[in-house]
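Pull up a chair and bring your questions. We'll take one feature at a time: the idea, then the case in front of us.

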Amino acid sequence: MSMEIPRDDMMQSLKSFALSNSGVVVGLPGVGKTYSFRKLASLFDASDDLYMYIPIDKLDVESDDQLRTELGLEEDVVSYLKRYSDSSGYSSGVLLIDAFDAARSTRAQQTLLRLISRIGTELADFWNVVVSVRTYDARKSHDLQELFPA
């Protein structure tokens, strides 16, 4: 037997936020951050919104090249996103980075932080970045806090 907790209002709020802002979704382990990001991706699919979902806990990434390879891209992620912002016909897009805290090595974290920073610098007029991370790791990452000030 399973029970689904109704989260329709929360998901619509998260979708509205992601389409208009960049930010961090923070919570304790097991609270439903990944569930919410997957559900958000489904909502984006249903409404034909432009997005990219990167589940860090499912990837083995320590460099830009590894991230590109894991995502099956022929170019780096920023170049790929830029191409879509230039030619897609969309007015905006959302990059969902799920489970930032799963990037355990310093190299993996720096790769993701560099990606977020580049998008914020080079593509902020088009792409919003929303990152999910455990509360503990959000408090511990000063770099992430600098990229997304309170």
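**Reading the contacts and the fold**

Q: Leaving aside its neighbours within four places in sequence, which residues is T135 in contact with?

A: Contact means heavy atoms within 4.5 Å. With neighbours up to four places away in sequence left out, T135 is in contact with V26, G27 and L28. Before going on, note that this is a predicted model, where local features need pLDDT of at least 70 and side-chain atom pairs count only at pLDDT 80 or more, while totals for chains, interfaces and linings use all residues. Residues are numbered from 1 along each chain as its sequence is written, and side-chain values use heavy atoms, with hydrogens and water left out.

Q: Where is T135 found, and is T135 buried or exposed?

A: Helices (H or I, at least four residues) and strands (E, at least two) are DSSP runs, numbered from the N terminus. T135 sits in helix α6, residues 135-140. As for cover, buried means under 20% relative accessible area, exposed over 50%, and partly exposed in between (1.4 Å probe, protein chains only). T135 has a relative accessible area of 17%, so it is buried.

Q: How many helices and strands does the chain have, and in what order do the elements run?

A: There are 7 helices and 4 strands. Starting at the N terminus, the order is α-β-α-β-α-α-β-α-β-α-α. The radius of gyration of the chain is 15 Å, close to the 15 Å the globule rule gives for 150 residues, so the chain is as compact as a globular protein of that length. That radius is taken over C-alpha atoms, and the rule is 2.2 Å times the number of residues to the power 0.38. Along the principal axes, the C-alpha atoms fill a box of roughly 45 × 35 × 30 Å.

Q: What share of the chain is buried, and what share of its contacts is made by residues 24 or more positions apart?

A: Of the 150 residues, 41% count as buried. Among contacts with a separation of 6 or more, 77% come from residues 24 or more positions apart.

Q: What does helix α5 pack against?

A: Look at the inward residues first: A108, T111, L112, L113, L115, I116 and I119 are the buried ones in α5. They pack against β2 (50-55), α3 (64-70), α4 (77-87), β3 (93-98), β4 (127-134) and α7 (142-147). You can check the helix's length too. The expected span is 1.5 Å times one less than the number of residues, so the 17 residues of α5 (residues 106-122) should span 24 Å, and the end C-alpha atoms are indeed 24 Å apart.

Q: Which residues do L95 and V131 touch?

A: Start with L95, in strand β3. L95 counts as buried because its relative accessibility is 0%. Its contacts beyond four places in sequence include M52, I54, L81, L115, I119 and W127. In space, L95 and L50 are 8.8 Å apart, C-alpha to C-alpha, though 45 residues separate them in sequence.

Now V131, in strand β4. V131 is at 0% relative accessibility too, so it counts as buried. Leaving out residues up to four places away, V131 touches G23, V24, V25, F37, I97, F100, I116 and F148.

Q: K15 has a charged side chain, so what about that one: is K15 buried or exposed?

A: K15 is in helix α1, residues 8-20. With a relative accessible area of 14%, K15 is buried. Beyond four places in sequence, K15 touches L40, L43, F44, S47 and D49.

Q: What is there to see in the phi angles of D48 and A99?

A: Most residues other than glycine have a negative phi. D48, not a glycine, has a positive phi of about 60 degrees. D48 lies in the loop between α2 (33-46) and β2, and at 53% relative accessibility it counts as exposed. A99 also has a positive phi, near 65 degrees. A99 is in the loop between β3 and α5, and is buried, with a relative accessible area of 8%.
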